[in-house]
Amino acid sequence: MSRLLLLLLTCSTTLLVFGLWIPLKAVVAQELLELAWAESQARQAETRPWPWADTWPVARLTVPELGDSMIVLAGGHGESLAFGPGQVLGADGSQGPVIIAGHRDTHFDQLQYLKTGSELRLQDRAGGWRHYRVQATRIVDSRSERIDTRALADDALILVTCYPFDGMDTRGPLRYVVEARAEMPLNRNQLEPMDTVAGI
Amino acid sequence: MMLSTGLLKLTPTQADSQRRRARRFAEGVSLWLAVLLMLFVHPLYAEADQRQSDSVGVLHFVDAAGRWQEPAIVLDSEFDIEVSGLLAETTLSRRFRNTSDAWREGVFVFPLPEKASVYGLTMTVGERTIVGEAQPKAEARKTYEKARSAGQSAANVEQHRPNLFTARVANIPPGETISVELQYQQPVDYRSGEFELRVPTTLMPRYMPGQPAAGQPREWHGGWALPSTQVPDADAISPFTVQANDVGATSHRADIRMTIDAGLPLARVISPSHPLQTRLDGQTVQVQSEQVLMDRDFVMRWQPLAGREPTAAVFHQRWQDDDYLLTMIVPGVNEAQVLPRDLVFVIDTSGSMAGESIRQARSALQQGLATLTPDDRFNVIRFNNQTHALFMQPEAATGNNLARARRYVANLQADGGTEMAPALERALTIPASASEKAGERVRQVVFITDGAVGNEAALFAQIRQQLGSQRLFTVGIGSAPNLHFMREAARWGRGLYTAIQDPADVSGPLQRLFAAMEAPVLTNVRVQWPGQSGKVESFPARTGDLFRGEPLVQVVRGTAPSGVLKVSGQLPGGRRWKQSLDLQQAAPGHGLNRLWARQKIDHLLDSARLVGGEPNKARVTELAVEHTLMSPYTSFVAVDESPARPSGATADTEHLPTLLPAGSQAGMLRYPQTATLAPLFTALGVIGLMFALAIGLLQRRATV
């Protein structure tokens, strides 16, 4: 009887540790990513947070209202989503819509508090900030709807996470989508450091 | 709980009782904790429980508030195909099974063969069978909508493109099935000694060029696309696509039964697309394929015994005091004069080609390059949103250039939109330097695409205007190519078309196409029917040039099966070729009047397109209603007169998705998977620990 009890205890503890490990990893990784982001901004090059990583920081996303700031990684695959939100669409420095996906249990659980009119800020590698306003939040069924990337405006930012927020199902079809639009077009020249022209 | 608070009031007397008291205290505290934990975990647990009760794979839809709606309509189909001679008649029954407990309307966008003439609709509700009728489109829609709001069961089938239709079924009772039976016929293709029949079951999501049309609500309707300036009905022809495992295990399946009576002994019957059960019974062959996923075209091919290939055939039918004849003549001429060519390959590298399609397209193009001789000149043009050519102008097919082209082709990737018009223009424009020796060279364009575009008509007009003396050949790629585009583009381009079914099938059809492309064997074809010429109406009105292995097929009204049909044409060397056919040997046929009417309607639409005007709508409607046919201006409607839905109940509309063609990748971005196992693990861990703690404490208590 006590052996069975011990077994149950061990299994439960293991599960709990694994369960807590995922958010812990997400928090710890963000610290490492901060370093990599600083380095990639300084060197203006892709910098991997650790040598064996298959992703790299591409942007910083902040939500001033919630005091949240996180580093966005390249790619929407599981490898990058484990450590931070992943940029599914949009390349560094290029115009065009940006789509960022994140785990609802770690970084993007804050999305549920965003409302129409909330402010979002996105910083690119060159250091320029872009301000967005949330236009709408909606819930979609990922089996019957796709993201039509052609129909998106060039200044759109879309955040995607799983829904419902306290759900247990990891393969559920529902997604929570936050649609935001840039407040004013980014003026890149204004952000250009002065010393690049000093040499002429 | 009462126990633990009561225990606290006990006064301690001994060290032993003190220890016991401490233990009881701990027990009480942990029980309280357990209750609290239960309260905390319960919502999560309840949620998980609710999810598990949903049967896996049933299609769900979500309303604006994100709540789950009831399971959707389950759809299955049955194709019953009967081939006799050169025509195939099909009864297609689609069963819409409403698995929810509310009334439903089902909307389903589906393809049919591009030459299909739809001539019948019956709806079966329970025991009752209602025969539908052909009505002008707007009238049919009104009839249907009236029945829908009156609570009657009704079915309506409309044509959007010659090969794209929408079925609407109103007021499907909860838990019941309404089956809609569609009757259509299609001509069988005969080329190079092989018959072929294609039955499309799904469609490739099409690219809709142009800007979103003004004044449209931003909301999605039935489809994923919004009406655009170039494709005003984009939302009606863009059903959502789903993967096969997103629909129920019994939904989107088809049973296919086929009886082939070719009228001659067959050597073999094969399908490159599906596994078959074949039963040979004299000259007729029974073919069966059950519960196949509707994610690719069903292709059947049959070959007559060697030496028994038909060289000519006549069928006759008398319908409403008119004689209809269908003839096929195989010239059987194989001599061709090979001229040096300027060959331009155009390859579609748009997003819809991603996956298996682009691999097929690359290998088709590599095969095309292999047919070039050193005298030929060639170029490769690829397009998606943008057009890019390998060479500025066609270059000689030297080893060096060919190697460059092979590398270029091997590196092609598929993404982006399908802007076909600029690519066509680039391919069909003859550079000034190349036109000097135009007389000695044959200019040909090979267009490799899946035809997933919504603006076909505009492209055909462009082909007609820019073609000049060139020829355009089309190669259809993928498991559900838009064959209407392939066939019509090749027809306006005075060329041939072919379709590749799967990777193993690439070489056969392509080799035949490239062999036939070397030169047309018969030009200037003239057909002379007996009888007074004024009354005889034959289609196609102008016979195009014939290529190797291609038969001449004509359908005619107003001539009795007597006398001799004379056909003549010009051989490559300039000599005349003549053949005559005795019409008295005509075999009885049926459905010829519908074939003739469909061709006549096509002819009316074509001639309107040629002059750039509006087609004669009244004449087309009149023809369609006379022959009970579906057309761009007529549709079918069937209404069950007895009202079914109680006036209080409402019926929601559900747009059924189609399956994504096999081997293709979703053109649009899928939402990524964004949930972790963390909450599940944490909840399970906490529950487990709680149980362990409770059991441990109980055990302690029992032993003490």
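This note goes through selected features of chain B in a predicted model.

1. Overall content. Chain B holds 12 helices and 35 strands, and of its 704 residues 45% count as buried. When contacts in chain B between residues at least 6 apart in sequence are considered, 73% of them join residues that are at least 24 apart.

2. The setting of helix α8. Helix α8 of chain B spans residues 483–492, and because nine of its 10 residues are buried, it is largely enclosed by the rest of the structure. The buried residues are L483(B), H484(B), F485(B), M486(B), R487(B), E488(B), A489(B), A490(B) and W492(B), a list in which R487(B) and E488(B) appear alongside F485(B) and W492(B).

3. What covers helix α8. The elements of chain B that cover the buried residues of α8(B) include the strands β7 (152–161), β11 (194–199), β24 (442–449), β25 (471–476) and β26 (497–499), together with the helix α7 (456–466). After α8(B) comes R494(B), and the phi of R494(B) is positive, near 50 degrees, a point that a reader inspecting the backbone there may wish to look at.

4. The packing of helices α6 and α7. Helix α7(B), which is among the elements covering α8(B), also packs with helix α6 (residues 420–428) of chain B, at an angle of about 15 degrees and with the axes 10 Å apart. Since angles under 35 degrees count as roughly parallel, α6(B) and α7(B) are therefore roughly parallel to each other, and their crossing is right-handed.

5. The residues between these two helices. From α6(B), the residues M420(B), A421(B), L424(B), E425(B) and L428(B) meet L459(B), Q462(B), I463(B) and Q466(B) from α7(B). Sorted by class, this contact of α6(B) with α7(B) comprises six nonpolar, two polar and one charged residues.

6. A five-stranded sheet. In chain B, five strands form an open sheet with mixed pairing, in the order β28-β29-β19-β18-β32. Its edge strands are β28 (537–539) and β32 (587–588) of chain B, each of which pairs on one side only.

7. A strand pair within that sheet. Strands β18 (residues 312–319) and β19 (residues 322–329) of chain B pair in the antiparallel sense over eight bridges. For a reader who wants a position to start from, the bridge partner of F315(B) in β19(B) is L326(B). In general, strands of a sheet pair through backbone hydrogen bonds, either parallel or antiparallel.

Notes:
Residues are numbered from 1 along each chain as its sequence is written. Chains are lettered from A and ligands numbered from 1 in the order in which they are written. This is a predicted model: local features need pLDDT of at least 70, side-chain atom pairs count only at pLDDT 80 or more; totals for chains, interfaces and linings use all residues. A residue is buried if 20 or more other C-beta atoms lie within 10 Å of its own, exposed if 12 or fewer, and partly exposed in between; C-beta atoms are placed from the backbone. Helices (H or I, at least four residues) and strands (E, at least two) are DSSP runs, numbered from the N terminus. Two residues are in contact if their C-beta atoms, placed from the backbone, lie within 7 Å. Two strands pair if DSSP finds at least two bridges between them. Axes are lines fitted to C-alpha atoms, for helices over the stretch in contact, and angles run from 0 to 180 degrees between N-to-C directions. Angles under 35 degrees count as roughly parallel, over 145 as roughly antiparallel, 65 to 115 as roughly perpendicular and the rest as oblique. A crossing is left-handed if the near helix is turned anticlockwise from the far one by less than a right angle, and right-handed if clockwise. Ala, Val, Leu, Ile, Met, Phe, Trp, Tyr, Cys and Pro count as nonpolar, Asp, Glu, Lys and Arg as charged, and the others, Gly among them, as polar.
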